[in-house]
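Trainee: I'd like a close look at one spot in this model, taken slowly. Pick a loop residue, tell me what surrounds it, and then work outwards to the rest of the chain.

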Amino acid sequence: MKPDRFAALAAAFFALVPLAAQHAPDAAPQRNFVMLVAKHDYDLHPHRANYSSEAQVLSGLYEGLFSYDPKTLEPVPALAAAHKVSRDKKRWTFTIREGARFSDGEPITARSVRDAWLRLLATPAAPYASLLDSIVGARDFRTGVAGAEAVGIAARDERTLVVMLETPMAHLPSILCHHAYAAVSDREDVYSGAFVLKSGGKDTLVLEKNPYYWDAQNVLLPSITVVATDDATENAWQFNTGHADWIVSMADTAVLLNKNALRIAPEFGTEYLFFSCKNAVWDNAAFRNALIAAVPWSVLRGQSLVPATTLIYPLAGYPAVEGLTDTSPEDAADLMKQARAAAGIPADQTLPLVFAITESERMKKMYEILRDAWSPLGVDVQCQKTSEARYLHSIPSWNADVFMYSWIGDFADPLAFLELFRERSTLNQTAWKHPAFTQLLADAAMTTDGAERNKLLAQAEQVLLDDGVVMPLSHSVCLHVISPTAVGGWYMNALDIHPFKYLYFKAEPSIVPNVVRR
């Protein structure tokens, strides 16, 4: 999840420049790599972290059984040297890589991984804990119903981890690339990834290469400095003068000298509004759908670079879902009349609704659009404000009815979004539950046929949209400034994840052509 801080910048230069051919890294001196990012209060504990900006840093500090291929995002073996799956697809056996160590030199064993996952399940409000609910006993342990001994994760010996599932989970390796499922030590300032955190101030993080990392010989950068700054013009000048090597989102493209360094593309993410189903009458689908019928979608999505009518960005092999596109004040009035009659609410009774917004002009405008569309239905739309920095953290305890959310999938699968609405999911902010949705997700988990699974997940998304829980606005766009002729191991990809371990400086070609030596 991350706020879309750079839509205006992307609009100024929406073009994706092809990556240049790779150059051999051994001909180039490797040095400290400087990365400029938007200001953000980082939580770098892998069990609690919930932002894509945190995920980028954590990709360097922690590693689990699998990691992302930097180009394809396919899971590649990391701490798991090998794995096998039983015939019924419910028992996974992982072989831990020989010689794997934490940054303090202690061995990483099967028990290390098991204990880390159990601590994740025991962490209150850990956002990604429920994605392990398919493991035998994991949900009961996570919710306090059973003890750790009931969880189907066993260390058979130092190098063998056995995981028992209640239902097949073909996408398990993709999930295990995420930092939440990394090998996390119970000791302070100890890491399992390619880098360690040398120092961390309010706006600067310094990472240094981990000499104990199992693949240290292939990690070329000696250190990485991450600087948080929202000064887009200064960032561009830092890049122009060679003091910065990578800018994430916050760059003034007008003063950028090397336009070939600008990388912009859609990503597997969606910005949307959602109803919190905690308060009457907005816990009732009939009332929610009455409001949705009145939404002027073309106006509400008017500033979107990639307008979204559905929650999930279209994926290859994923069936089409009927999105939200129609606007009809007349239909909205009829639906509201029917909803009031069914609920026994008088036609002249005002219905209060609170829209939670930030101080940004964009969200203020969004509030005005919805207020004007919904007031004729007898709805008193009020707004409550907080700062952008506090907005997402405030949602769980904020007694409002409509929120805005931006989410980037943590793995290229529809479940990365549908899990946000699953009953009892640790990612569910809506308090919504629907038996048909729950059953479709359960049925999808049981099938090993990829096409059938996608069909069931598409049906689940349709239930979500038809029940009036979400209002999709736009699909996310990522903006980066990084030179493909200077930096290797960096690729545009759908999840906007660029593992630090693969980055290196290239030997840049001479700017003087056709030089002949005697």
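**A threonine in a loop, and beyond**

Mentor: Let's settle on threonine 229, which sits in the loop between β10 (223–228) and α6 (232–240). Bear in mind throughout that this is a predicted model. Being in a loop doesn't put this residue out in the open: threonine 229 has a relative accessibility of 15%, and because the cut-off for buried is under 20%, it counts as buried.

What does threonine 229 touch, leaving out residues up to four places away in sequence? Its contacts are Leu36, Val37, Ala38, Lys39, Asn235 and Met250. Asn235 belongs to the stretch that makes up α6 (232–240). There is also a polar detail closer by in sequence: a polar atom of the threonine 229 side chain lies 3.2 Å from the backbone nitrogen of aspartate 231.

You can set that beside the start of α7 (residues 285–294). There, a side-chain oxygen of asparagine 284 comes within 2.8 Å of the backbone nitrogen of alanine 286. The helix itself is well covered: eight of the ten residues of α7 are buried, so the rest of the structure largely encloses it. Those buried residues are Ala285, Phe287, Arg288, Ala290, Leu291, Ile292, Ala293 and Ala294. Notice that an arginine, Arg288, is on that list.

Leading up to α7 is the loop that follows β12 (262–275), and valine 281 is found in it. The peptide bond from alanine 280 to valine 281 is cis, with omega near 0°. That deserves a second look, since most peptide bonds are trans.

β12 has a buried charged-type side chain of its own to check, so to speak: arginine 263 has its place in this strand. Buried or exposed, and at what relative accessibility, is arginine 263? At 1% it counts as buried. A polar atom of its side chain lies 2.8 Å from the backbone oxygen of asparagine 260. If you want a long ruler across the model, the C-alpha atoms of arginine 263 and methionine 446 are separated by 40 Å, with their positions 183 residues apart along the chain.

While we're on backbone oddities, two residues have a positive phi, and neither of them is glycine. Alanine 125 has a phi near 60°, and aspartate 496 has one near 55°. Most residues other than glycine have a negative phi. Their settings make a nice contrast. Alanine 125, in the loop between α3 and α4 (138–142), is exposed, with a relative accessible area of 72%. Aspartate 496, in the loop between β17 (487–488) and β18 (504–505), is buried, with a relative accessible area of 10%.

Alanine 125 takes us back to α3 (residues 110–122), a helix that lies across β5, β6 and β7 (160–164). It runs at about 165° to β6. Those strands are part of an open, antiparallel sheet of four, in the order β4-β5-β7-β6. At its edges are β4 (80–85) and β6 (153–157), each of which pairs on one side only. From one strand to the next, the twist averages 20°. Zoom in on β4 and β5 (residues 91–96) and you'll find five bridges in the antiparallel sense; valine 85 stands opposite tryptophan 92 there.

Another antiparallel pair to look at is β8 (residues 195–200) with β9 (residues 204–209), again with five bridges. Three residues make the hairpin that joins β8 to β9, and glycine 200 has leucine 205 as its bridge partner in β9.

Last, the empty space. How many cavities of 30 Å³ or more does a search of the whole structure find? There are six. The largest holds about 190 Å³ of space, and 17 residues line it. Nearest its centre lie Ser59, Tyr62, Tyr68, Cys177 and His179. Both α2 (52–61) and β2 (66–68) contribute at least two residues each to that lining.

Conventions:
Residues are numbered from 1 along each chain as its sequence is written. This is a predicted model: local features need pLDDT of at least 70, side-chain atom pairs count only at pLDDT 80 or more; totals for chains, interfaces and linings use all residues. Side-chain values use heavy atoms; hydrogens and water are left out. Two strands pair if DSSP finds at least two bridges between them. Axes are lines fitted to C-alpha atoms, for helices over the stretch in contact, and angles run from 0 to 180 degrees between N-to-C directions. Contact means heavy atoms within 4.5 Å. Buried means under 20% relative accessible area, exposed over 50%, partly exposed in between (1.4 Å probe, protein chains only). A polar contact is a pair of N or O atoms within 3.5 Å; within protein, one must be able to donate a hydrogen and the other to accept it, and residues adjacent in sequence count only if both atoms are side-chain atoms. On a 1 Å grid over the protein atoms alone, a cavity is a set of points where a 1.4 Å probe fits but cannot get out, and a pocket is an open set with protein on both sides within 12 Å along at least five of seven lines; lining residues have an atom within 4 Å of a point. Grid points are joined across faces, edges and corners, and a volume is the space filled by probe spheres set on the points.
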